[in-house]
Every structure is written in structure tokens, then in C-alpha cells.
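User: Could you take a close look at a single strand and its neighbours, and explain the terms as you go?

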Amino acid sequence: FYLPLIRYFKVDAAEAEILTGLEDRKAAARRLNEYGAEEVMLTHHSEVIVCHQGDIYRAPYHNRSFKGRTGRGDTTFAAYLSRRRSHSIQSSLTFAAALCSIKMETPGPFRGSLEEVDERMRREYE
């Protein structure tokens with residue numbers, strides 16, 4: 001495995017199950033973290049999970065529709081990484097879930113603003 005060389009590793013729930021043999025998402029994220037990836041992100045249609053040093057962080061998606069569901073994992077991961085450079089795991093995770101929740105309501109890439117993401121975070125995650 002190359003996972004000890006990877007700082008941020010992203011999988012969806014199905015990929016995590018294939019790699020670990022575990023259906024439980026938290027257990028699968030922990031196992032991948034144990035395999036050596038420093039921060040493991042696992043996406044599912046209902047939530048996003050990050051495991052770091054065995055600790056689990058979670059944020060649900062709060063989207064009103066699934067019109068823009070395609071690209072959910074990539075969008076979540078990109079948003080998380082952009083925020084993670086200067087914020088905590090949970091803050092970055094909440095930001096990513098809020099941004100992706102907005103993205104999933106409209107087909108195509110995220111075209112919203114940071115103000116919209118901040119508002120969604122205040123409304124849905126505090």
C-alpha cells in the first residue's frame with residue numbers, strides 16, 4: 001500500500017468497502033487511516049466523514065434536491081482541501097458539506113459565492 005505516503009485520501013462509501021471489506025463507514029475510514037493515510041475523507045449521499053488519528057469528524061449534506069449530484073465527492077474534496085490549509089478539520093468539513101449541498105441543487109459545477117456558503121453554514125450547521 002502507498003497510503004502512508006498520502007496526506008489526504010478521498011474515497012466514497014463503495015470504494016472504502018472494497019478496500020477494507022467493511023460496510024460501516026466510520027470503521028472503514030478508521031481502517032484506511034490505520035493503513036497510513038493521514039486524513040481520510042469518505043463521502044456518502046447523506047454525509048461526509050473525515051478520519052484523522054482515529055478520530056471521526058462528520059458533516060451531513062443539507063441539499064434540497066439532487067439535480068447536481070454528479071461530482072459530489074470531487075467537489076467536497078476540493079472544497080475541503082481549499083479550506084483545510086488554514087482551518088481545523090471540522091471547520092473545513094462543514095464548509096465542504098455546505099458548499100457541496102448548494103452545488104447538488106443545480107446541475108454543473110459550483111457557481112455560488114462564499115457568502116452563500118457562509119449563510120448555509122450558519123443556517124444548517126450551527
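Analyst: What follows is a look at strand β2 and the strands beside it.

This is a predicted model, in which local features need pLDDT of at least 70 and side-chain atom pairs count only at pLDDT 80 or more, while totals for chains, interfaces and linings use all residues. Residues are numbered from 1 along each chain as its sequence is written, and side-chain values use heavy atoms, with hydrogens and water left out.

Strand β2 covers residues 39-43; helices (H or I, at least four residues) and strands (E, at least two) are DSSP runs, numbered from the N terminus. Five of the five residues of β2 are buried, where buried means under 20% relative accessible area, exposed over 50% and partly exposed in between, with a 1.4 Å probe and protein chains only. Glu39, Met41 and Thr43 lie on one side of β2, with Val40 and Leu42 on the other, and both faces are covered.

Two strands pair if DSSP finds at least two bridges between them. With β1, strand β2 pairs in the parallel sense over five bridges, and Leu42 in β2 is the bridge partner of Val11. With strand β3 (residues 47-52), β2 pairs in the antiparallel sense, again over five bridges, and here Met41 has Val50 in β3 as its bridge partner. Three residues separate β2 from β3, and the two strands form a hairpin.

The neighbouring strand β1 (residues 8-12) contains Tyr8, which counts as partly exposed because its relative accessibility is 25%.
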